[in-house]
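Dear colleague,

I am handing over the structure we spoke about, together with a short account of what was found in it. Please look through the sequence and the coordinates before reading on.

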Amino acid sequence: MTDTMERVQISSLVPEGYRKVIALDGYVGTAVEEPLGDLIKLRASQINGCTFCVDMHSVDLQGRGFPLRKVFAVAAWRESPWFDERERIALELTEAVTLIHEGGVGDDLYERAVAEFGETGFANLVLAIGTINIWNRIAIPTRMRPPAL
């Protein structure tokens, strides 16, 4: 991409709508435990190609003491030995919801997710995944950029 200037600031142009997204983000931040929430945010942002959010959630994980090698391995979580079953189900669900056009959440994944997280936990994960996808869809078209290295 040759033009890296941010286009518009949605927070300034439509502050009420932006505050609603922040409120939803605040809810899911309390409903989904860490580091699972940031793993979800990182994986969805990787899939969507959101540089701003990949940077933010990688840094957040690292700041929480999450092993750096495991942060790097999120992109290849299926092949990595470092993710437990709970994380694997959340990451698989993240991919299924983010890539909903590829078939969505099949019965097997749904049943495993509900068995691991319960119905309320599943619902909160879906909201968390939807929320990061909203953030990605705000950051990418407005060309939000992470801070300089």
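C50 is buried, with a relative accessible area of 2%, and C53 is buried as well, at 3%. Please keep in mind throughout that this is a predicted model. The structure holds 0 disulfides, and neither C50 nor C53 takes part in one: the sulfur atoms of these two cysteines lie 3.4 Å apart, each being the nearest cysteine sulfur to the other. Because a disulfide is counted here when the sulfur atoms are within 2.5 Å, the 3.4 Å between C50 and C53 does not qualify.

The next residue to look at is S58, which is found in helix α4, residues 51-63. With a relative accessibility of 19%, S58 counts as buried, the cut-off for that class being under 20%. A polar atom of the S58 side chain lies 2.8 Å from the backbone oxygen of V54, and, once neighbours within four places in sequence are left aside, S58 is in contact with L42 and V71. Between S58 and E85, which are 27 residues apart in sequence, the C-alpha to C-alpha distance is 21 Å.

Lastly, there is a helix pair to examine. Helix α2 (residues 15-31) packs against helix α7 (residues 107-142) at an angle of about 140°, the axes being 9 Å apart, and α2 passes α7 in a left-handed crossing. On the α2 side the contact includes Y18, D25 and Y27, while on the α7 side N124, T131 and W135 are among the residues met. By class, this contact has 12 nonpolar, 2 polar and 1 charged residues.

With best regards

Definitions and conventions:
Residues numbered from 1 in each chain as written. Predicted model: local features only at pLDDT ≥ 70, side-chain atom pairs only at ≥ 80, totals over all residues. Heavy atoms only, no water. Axes fitted to C-alpha atoms, helices over the stretch in contact; angles between N-to-C directions. Helix = DSSP H or I, 4+ residues; strand = E, 2+ residues; numbered from the N terminus. Left-handed = near helix turned anticlockwise from the far one by under 90°. Contact = heavy atoms within 4.5 Å. Nonpolar A, V, L, I, M, F, W, Y, C, P; charged D, E, K, R; others polar. Buried < 20%, exposed > 50% of the residue type's maximum accessible area, 1.4 Å probe, protein only. Polar contact = N/O pair within 3.5 Å; in protein donor to acceptor, adjacent residues only side chain to side chain.
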